[in-house]
Amino acid sequence: MRSVLEECGTVGPSMKSPQDQTIFILGIRVDNIDGKTALETICDLATSRNGFPARKVFFTNVHTIHWARREAELRRHINNADMVLPDGSGLKIAGKLLGT
């Protein structure tokens, strides 16, 4: 199995930032992007830090969204991350219900 950084050498820079396709589910950010765009963005983040602090990529699911609704600090960290990817079919269903 190849590492993400090895994979980064085979893809170009992403054409769209995750923020271009962001949705909010109950006030919690989720980047509604496909796998290829997610990988390209992760590669960009990993290879172009330029002195910036560590990047933050979260995978969120229904439980995390429910928890973050009640915990302001968790919600702030998720919503301020570099990328927030959906984890689970529940968020896929929610995205469809929201028309995304």
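In the predicted model described here, His 63 and Arg 70 are exposed on one side of helix H3, the side opposite its buried residues. Those buried residues are Thr 64, Ile 65 and Ala 68; because they cover an arc of only 100 degrees around the helix axis, they are placed on the same side of H3. An α-helix has 3.6 residues a turn, so residues three or four places apart point the same way. The buried residues of H3 pack against strands E1, E2 and E3, the last of these comprising residues 57-60, and also against helix H4 (72-79) and helix H5. At the start of H3, the backbone nitrogen of His 63 has a side-chain oxygen of Asn 61 within 3.1 Å.

Two of the buried residues of H3, Ile 65 and Ala 68, also belong to the largest nonpolar core, which has 11 residues. The other members of this core are Ile 23, Ile 25, Ile 28, Val 30, Ile 78, Ala 81, Val 84, Leu 91 and Ala 94. Two or more residues of the core are given by each of four elements, namely strand E1 (22-25), strand E2 (28-31), helix H3 (62-70) and helix H5 (89-97). Val 84, one of the core residues, touches Val 30 and Ile 78, and in addition Arg 29, Asp 31, Phe 58 and Thr 60, when residues up to four places away in sequence are not counted.

Helix H2, formed by residues 35-47, was examined for its length and its ends. Its 13 residues should span 18 Å at 1.5 Å a residue, and the C-alpha atoms at its ends are 18 Å apart, which agrees with that expectation. The N-terminal end of H2 is capped by Asp 34, of which a side-chain oxygen lies 3.3 Å from the backbone nitrogen of Lys 36. The buried residues of H2 include Ala 38, Cys 43 and Leu 45, together with Thr 37, Glu 40 and Thr 41.

For the protein chain as a whole, five helices and four strands are found, and these follow one another along the sequence in the pattern α-β-β-α-β-α-α-β-α. Of the 100 residues of the chain, 28% count as buried, while the accessible surface comes to about 6,700 Å², with 56% of it belonging to carbon and sulfur atoms. Among the contacts between residues at least 6 apart in sequence, 72% join residues at least 24 apart.

Key. Residues numbered from 1 in each chain as written. Predicted model: local features only at pLDDT ≥ 70, side-chain atom pairs only at ≥ 80, totals over all residues. Heavy atoms only, no water. Core = buried A, V, L, I, M, F, W, Y, C linked by side-chain atoms within 4.5 Å. Buried < 20%, exposed > 50% of the residue type's maximum accessible area, 1.4 Å probe, protein only. Contact = heavy atoms within 4.5 Å. Areas by Shrake-Rupley, 256 points an atom, 1.4 Å probe, with all protein chains shown as cover. Arc of directions from axis to C-beta. Polar contact = N/O pair within 3.5 Å; in protein donor to acceptor, adjacent residues only side chain to side chain. Expected span 1.5 Å × (residues − 1).
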